[in-house]
Amino acid sequence: SSVQIAFSMVYAIVPMVFALILQKLEVSRLAESKILNYLSRISYELYLTHGVVILLLGKVGMFSDNGVLFLVSVLLLTVCLAAFVRFICDKLLTIAK
């Protein structure tokens with residue numbers, strides 16, 4: 001299906017593009033990026049939640065006809081859900097102390 005092709009392309013192209021960008025940028029500037037620092041702080045939560053988001057959106061079938069919209073939705077919802085999970089875990093750890 002078109003969604004599977006889109007995912008295959010993303011998995012193949014994104015790492016290459018990211019590697020090229022890293023090669024052109026100074027590493028010290030990347031370390032100062034607030035967005036990358038935040039994503040690195042919630043990386044485990046991103047890992048835990050991305051599969052759930054993909055399954056839920058796939059089951060709903062909202063974006064089955066538009067692979068790009070599906071991918072963008074997965075990215076945005078995964079980051080939001082991961083941030084929420086991190087927030088809840090941080091609050092629970094604060095209460096437990």
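# Exercises on a helical model

Phe7 touches Ile54, Phe70 and Leu71, leaving out residues up to four places away in sequence. Contact here means heavy atoms within 4.5 Å. The model is predicted: local features need pLDDT of at least 70, side-chain atom pairs count only at pLDDT 80 or more, and totals for chains, interfaces and linings use all residues. Residues are numbered from 1 along each chain as its sequence is written, and side-chain values use heavy atoms, with hydrogens and water left out.

## Exercise 1: the core

Find the residues of the largest nonpolar core, then the elements that give two or more residues to this core.

Solution.

Step 1. Fix the terms. A nonpolar core is a set of buried Ala, Val, Leu, Ile, Met, Phe, Trp, Tyr and Cys residues joined through side-chain atoms within 4.5 Å. Buried means under 20% relative accessible area, exposed means over 50%, and partly exposed lies in between (1.4 Å probe, protein chains only).

Step 2. List the members. The largest nonpolar core has nine residues: Val3, Ala6, Phe7, Val53, Leu57, Phe63, Phe70, Leu71 and Val74.

Step 3. Assign the elements. H1, H4 and H5 each give two or more residues to this core. Helices are DSSP runs (H or I, at least four residues), numbered from the N terminus.

Step 4. Place this in context. In soluble globular proteins, nonpolar side chains tend to be buried together.

## Exercise 2: two residues of H5

Decide whether Ser73 is buried or exposed, and do likewise for Thr78.

Solution.

Step 1. Locate them. Ser73 sits in helix H5, and Thr78 is also found in helix H5.

Step 2. Apply the cut-off to Ser73. Its relative accessible area is 11%, so Ser73 is buried.

Step 3. Apply the cut-off to Thr78. Its relative accessible area is 7%, so Thr78 is buried.

Step 4. Read the neighbours, not counting residues up to four places away in sequence. Ser73 touches Leu57 and Phe63. Thr78 touches Leu46, Thr49, His50 and Val53.

## Exercise 3: the largest pocket

State how much space the largest pocket holds, and describe the make-up of its lining.

Solution.

Step 1. Define the object. On a 1 Å grid over the protein atoms alone, a pocket is an open set of points where a 1.4 Å probe fits, with protein on both sides within 12 Å along at least five of seven lines; lining residues have an atom within 4 Å of a point.

Step 2. Give the volume. The largest pocket holds about 770 Å³. A volume is the space filled by probe spheres set on the grid points, which are joined across faces, edges and corners.

Step 3. Find the centre. The lining has 18 residues, and those closest to the pocket centre are Val10, Tyr11, Val14, Leu46 and Leu75.

Step 4. Sort by helix. H1 (2-24), H3 (34-41), H4 (43-60) and H5 (67-96) each supply at least two lining residues. H1 gives the largest share, six residues.

Step 5. Sort by class. The lining has 15 nonpolar residues, three polar and no charged. Ala, Val, Leu, Ile, Met, Phe, Trp, Tyr, Cys and Pro count as nonpolar; Asp, Glu, Lys and Arg count as charged; the others, Gly among them, are polar.

Step 6. Check Tyr11. This residue is in helix H1. Tyr11 has a relative accessible area of 58%, so it is exposed.

## Exercise 4: H3 against H4

Describe how the axes of H3 and H4 cross, and name residues that meet there.

Solution.

Step 1. Take the geometry. The axes of H3 and H4 come within 4 Å and cross at roughly 65 degrees. Axes are lines fitted to C-alpha atoms, for helices over the stretch in contact, and angles run from 0 to 180 degrees between N-to-C directions.

Step 2. Take the contacts. Leu39, Ser40 and Arg41 of H3 meet Ser43, Glu45 and Leu46 of H4.

Step 3. Classify. The contact of H3 with H4 has two nonpolar, two polar and two charged residues.

## Exercise 5: Val85 and Arg86

Which residues does Val85 touch, and which are in contact with Arg86?

Solution.

Step 1. Handle Val85. It lies in helix H5. At 26% relative accessibility, Val85 is partly exposed. Beyond four places in sequence, it touches Glu45 and Thr49. The C-alpha atoms of Val85 and Thr49 are 8.7 Å apart, with the residues 36 apart in sequence.

Step 2. Handle Arg86. Helix H5 holds Arg86. At 26% relative accessibility, Arg86 is partly exposed. Leaving aside neighbours within four places in sequence, Arg86 is in contact with Arg41, Ile42 and Glu45.
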